[in-house]
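Open the model in a viewer and keep the sequence panel beside it. The stops below each give a selection and then what is there.

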Amino acid sequence: MVLNFTVPIRMGSHMGELTHVDEKGVKMVEVGHKTEVFRKATARGRIKLKPETIELIKSGKTKKGNVIATAQIAGILAVKKTPELVPLCHPIPLTGVDISFEFGEDYIEATCEVRAYYKTGVEMEALTGVTVALLTIWDMVKAVEKDENGQYPSTRIEEIRVVEKVKAHPSQ
């Protein structure tokens with residue numbers, strides 16, 4: 001018995017199909033026929049924290065060490081490990097990763113930019129990098145974010161998204 005896993009989805013005015021499933025089941029999309037071109041993806045997300053936690057991070061007074069440097073390292077490592085974490089992602093020879101942070105009164109916004117010359121995009125890598133950077137911040141400040149019951153009433157990670165995707169064709 002062969003099960004059909006192809007699922008039609010509505011995309012605007014035409015029907016598309018999911019690229020990672022077919023009549024045989026789940027697959028990694030074939031990219032061998034594609035040309036290697038410059039790819040870039042930028043993902044962004046926020047972690048909401050108490051204002052006093054933000055001040056601790058900015059002043060370098062957290063007990064676990066330099067929160068921002070640790071989050072950058074964790075995010076970069078996560079980008080490199082994306083194909084191990086997201087099963088149908090291609091291993092991509094990356095040319096660069098940058099992770100930066102902007103502080104608000106009660107949040108830190110992380111941005112992860114990933115670059116490569118390859119046959120497929122780097123959106124999943126950028127999303128993975130920004131997510132792990134934000135999770136690392138949470139891990140490093142959870143002791144001061146907890147309430148008296150050990151809960152996190154105001155701490156949250158939100159708005160993780162791809163804000164830019166670039167595919168430069170060879171003629172550009």
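Select arginine 115 to begin; this is a predicted model, and in it arginine 115 counts as buried because its relative accessibility is 19%, against a cut-off of under 20%. Now add aspartate 98, whose side chain meets that of arginine 115 in a salt bridge, 3.0 Å from N to O. Aspartate 98 is in strand β6 and arginine 115 in strand β7, so the pair ties together parts 17 residues apart in sequence. Unlike its partner, aspartate 98 counts as partly exposed, at 43% relative accessibility.

Which residues join Asp98 and Arg115 in a network of salt bridges? Add Lys40, Glu113 and Glu164 to the selection to complete the network. As background, side chains of opposite charge can pair when their charged atoms come close. Over the whole structure, a search finds 13 salt bridges.

**Two further salt bridges**

Select lysine 48 and aspartate 106. Their side chains form a salt bridge with an N to O distance of 3.0 Å. Lysine 48 belongs to strand β5 (residues 37-48), while aspartate 106 sits in the loop between β6 and β7, and the two are 58 residues apart. Is lysine 48 buried or exposed? With a relative accessibility of 17%, lysine 48 counts as buried. Aspartate 106 is partly exposed, its relative accessible area being 27%.

Next, select lysine 64 and aspartate 139, where the side chains meet in a salt bridge of 3.8 Å, again taken N to O. Lysine 64 lies in the loop between α1 and α2 and aspartate 139 in helix α3, so this pair ties together parts that are 75 residues apart in sequence. Lysine 64 counts as partly exposed at 48% relative accessibility, and aspartate 139 is also partly exposed, at 35%. Keep aspartate 139 selected and add valine 67: the two C-alpha atoms are separated by 9.4 Å, with these positions 72 residues apart along the chain.

**The α2 and α3 pair**

Valine 67 is one of the α2 residues in contact with α3, so show both helices as cartoons, α2 at 67-85 and α3 at 123-145. The axes of α2 and α3 come within 7 Å and cross at roughly 140 degrees. The two helices are therefore oblique to each other. The crossing of α2 past α3 is right-handed.

To see the contact, show side chains on both helices. On α2, the residues that make the contact include Thr70, Ala71, Ala74, Gly75, Ala78, Val79, Thr82 and Leu85. On α3, they include Met124, Glu125, Thr128, Gly129, Val132, Ala133, Thr136, Ile137, Met140 and Val141.

**Helix α1**

Move to residues 51-59, which form helix α1. Which residues of α1 are buried? They are Thr53, Ile54 and Ile57. Look down the axis of α1: these buried residues fall within an arc of 105 degrees, so they line one face of the helix. In general, an α-helix has 3.6 residues a turn, so residues three or four places apart point the same way.

Now show what covers that face. The cover of the buried residues of α1 includes α2, α3 and the strands β6 (94-103) and β7 (107-118). Just after α1 comes glycine 60, which has a positive phi, near 70 degrees.

**A positive phi without glycine**

Most residues other than glycine have a negative phi. Select glutamate 159, which is not a glycine and yet has a positive phi of about 60 degrees. Glutamate 159 is placed in strand β8 (residues 156-168). Its relative accessible area is 43%, so glutamate 159 is partly exposed.

**The whole chain**

Zoom out and colour by secondary structure. The protein chain has 3 helices and 8 strands. Read from the N terminus, the elements run β-β-β-β-β-α-α-β-β-α-β. How much of the chain do buried residues make up? They make up 37% of its 172 residues. Of the contacts between residues at least 6 apart in sequence, 70% join residues at least 24 apart.

How values were computed:
Residues are numbered from 1 along each chain as its sequence is written. This is a predicted model: local features need pLDDT of at least 70, side-chain atom pairs count only at pLDDT 80 or more; totals for chains, interfaces and linings use all residues. Side-chain values use heavy atoms; hydrogens and water are left out. Buried means under 20% relative accessible area, exposed over 50%, partly exposed in between (1.4 Å probe, protein chains only). Helices (H or I, at least four residues) and strands (E, at least two) are DSSP runs, numbered from the N terminus. The arc is that of the directions from the helix axis to the C-beta atoms. Contact means heavy atoms within 4.5 Å. A salt bridge is a side-chain nitrogen of Lys or Arg within 4 Å of a carboxyl oxygen of Asp or Glu. Axes are lines fitted to C-alpha atoms, for helices over the stretch in contact, and angles run from 0 to 180 degrees between N-to-C directions. Angles under 35 degrees count as roughly parallel, over 145 as roughly antiparallel, 65 to 115 as roughly perpendicular and the rest as oblique. A crossing is left-handed if the near helix is turned anticlockwise from the far one by less than a right angle, and right-handed if clockwise.
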